[in-house]
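User: Hi! I'm new to this one and would love a quick tour. Could you put it up for us?

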Protein chains: 2
Amino acid sequence: MTKMTHQTIRQSILERIQKGEWALGDLIPGEAALAEEYGCARTTINRALQGLADEGLVVRKRKGGTRVCNMPVRQARFDIPIVREQVEAFGGHYRHQVLRKVEKVPPLSIRTRLGLEKGAKALQLDTVHLADGRPFAYEARWVNLKVVPQIRSAPFDEVSANEWLVQTVPFSSGDVSFSAVAAGKDVASALECKEGDALFVIDRTTSLAGEFVTTMKLFYREGYQLYSRL
Amino acid sequence: MTKMTHQTIRQSILERIQKGEWALGDLIPGEAALAEEYGCARTTINRALQGLADEGLVVRKRKGGTRVCNMPVRQARFDIPIVREQVEAFGGHYRHQVLRKVEKVPPLSIRTRLGLEKGAKALQLDTVHLADGRPFAYEARWVNLKVVPQIRSAPFDEVSANEWLVQTVPFSSGDVSFSAVAAGKDVASALECKEGDALFVIDRTTSLAGEFVTTMKLFYREGYQLYSRL
DNA sequence: CATATTTATATGTACACACATAATAAAAGG
DNA sequence: CCTTTTATTATGTGTGTACATATAAATATG
């Protein structure tokens, strides 16, 4: 190995771990020792090891040293899909259709998720995403009108609610969860599938500076897979 | 802000993005400029921005500068669950039961996944994971006997196949995917649920130095959720 | 002997500097 | 005017140094 970047070193250390040079839970040499072995500065080793630690492959502790993580494959990063891109990635023609757009008092589960007061209204927005004219995913969304009142006059013929929100609301954090549910009547008819079919669901709530902006369930037809390398 | 670590600066920049100081896709000031503004070295700003880039919040390009990412919430990190821990996290008593353990020629789909030759045998291992004596998840696994022949004599009364593999095979990479399926007859009876119930499935294949070690499907009962903050 | 205190040590972080690299913008050449 | 070459510029990375901080281990204390 001629070039010694923190990346090559990181890769090299990873391979040594994979080869079993250090067992699970074992202590690996200190930064100083590795620096000498690789013939580089301790800073460089530090960066390499920090990288591995970020990925969850090693655990580092001051004074305690660095040790190989006990639970090898532990974390996966998933790209949260954007429906339009998914469809277009397969060469399909994307289109969406708003099935419902009403302001009303949401059910309790949604109310708590959006942090609304009792009796407050929110915008309910149901959309089907189509690939080449055929249903691909069904989106059931609630939007907090206090945070984004402008959504009332948004042009949903052109952009989807998701894309509009992304462009309008600066930046947001939130949470996601994945689960499986049986298709209800509404969803089944919108997706043109059978009632009771197993659907993959992405449930997502986004917030901005402590205020909840929107919560959404995205139902995919049976067979859909969310994939990731480790 | 008295202390200026790369972390505080990173947080500060994040907040400025969230407040909308720089719009989506906008160029943010260069490292040199920010370093002066925050009164720190360029190196420190570099680390802060790299961190944001790793998370996918900004995109960096040499000469092109750093710009706020167009698609805000883009990636989520999930902890790939270990069933025993999940059960014990809820205060439940974990137990597992091996339903099947046979060596046989696997179907084509499994054969290609494990990279086996035609006619080669593999170990099929089906397990139910129980929480307080009640079915929690069903595991259907195939193990490549060429890579881990010792598994034939592993004590599966005590440890689950997953834990045994984790402890025995040094370190591994692989892939995961999530999906939803309707419960088949076998799975339904093992999980004591109705046939056709919507199950959440984690599908995982692990490999070691280019050789496939094992592939597994983990079926969770309806209602199970995999959660992550963004 | 159990508990508090100190000390040694490995990682964490910041800085100033130098040079590498990619990509754009400007200048030179045909 | 188009193409090629040459700066310019912002990020990427490595080094050596200094000090901060957490914590395991050794030591002192009651």
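Analyst: Happy to! Let's start at DNA strand D: α1 (6–19) and α3 of chain A, together with α3 and β3 (65–68) of chain B, each supply at least two residues of the surface near this strand. Please keep in mind that this is a predicted model.

User: Which element gives the most to the surface near DNA strand D?

Analyst: That is α3(A), with four residues.

User: And how many residues surround DNA strand D, and which are the closest?

Analyst: There are 24 residues around DNA strand D, and the closest are A:T5, A:A41, A:K63, B:G30 and B:E31. By class, the surface near DNA strand D has three nonpolar, 12 polar and nine charged residues.

User: OK, what about DNA strand C, which residues are closest there?

Analyst: For DNA strand C, the closest are A:G30, A:E31, B:T5, B:H6 and B:T44, out of 23 residues that surround it. The elements giving two or more residues to the surface near DNA strand C are α3 (42–54) and β3 (65–68) from chain A, plus α1 (6–19) and α3 (42–54) from chain B. The residues of that surface divide into three nonpolar, 12 polar and eight charged.

User: Switching topic: what turn lays chain A on chain B?

Analyst: A turn of 180 degrees, with a shift of 0.1 Å along the axis, lays chain A on chain B with an RMSD of 0.1 Å. The two copies are therefore related as by a two-fold rotation axis. The same surface serves both copies, as 100% of the contact residues of chain A recur in chain B.

User: Nice. Inside chain A, at what angle do α2 and α3 pack?

Analyst: Helix α2 (residues 31–38) of chain A packs with α3(A) at an angle of about 110 degrees, and their axes are 8 Å apart. So α2(A) and α3(A) are roughly perpendicular to each other.

User: Which residues make that contact?

Analyst: From α2(A) they are A:E31, A:A32, A:L34, A:A35 and A:Y38, and from α3(A) they are A:R42, A:I45, A:N46 and A:L49. By class, this contact of α2(A) with α3(A) has six nonpolar, one polar and two charged residues.

User: Last one: in what order do the strands of the chain A sheet run?

Analyst: The order is β1-β3-β2, in an open sheet of three strands with antiparallel pairing. At the edges are β1 (27–28) and β2 (58–61) of chain A, each pairing on one side only. β2(A) and β3(A) pair over four bridges, and A:K61 stands opposite A:G65 in β3(A).

User: Which strands does α3(A) touch?

Analyst: α3(A) packs on the sheet and touches β2 and β3 of chain A, its direction making about 120 degrees with that of β2(A).

Note on methods. Residues are numbered from 1 along each chain as its sequence is written. Chains are lettered from A and ligands numbered from 1 in the order in which they are written. This is a predicted model: local features need pLDDT of at least 70, side-chain atom pairs count only at pLDDT 80 or more; totals for chains, interfaces and linings use all residues. A residue is near a molecule or strand if its C-beta atom, placed from the backbone, lies within 6 Å of it. Ala, Val, Leu, Ile, Met, Phe, Trp, Tyr, Cys and Pro count as nonpolar, Asp, Glu, Lys and Arg as charged, and the others, Gly among them, as polar. Copies are superposed by least squares on the C-alpha atoms of residues with pLDDT of at least 70 in both. Two residues are in contact if their C-beta atoms, placed from the backbone, lie within 7 Å. Axes are lines fitted to C-alpha atoms, for helices over the stretch in contact, and angles run from 0 to 180 degrees between N-to-C directions. Angles under 35 degrees count as roughly parallel, over 145 as roughly antiparallel, 65 to 115 as roughly perpendicular and the rest as oblique. Two strands pair if DSSP finds at least two bridges between them.
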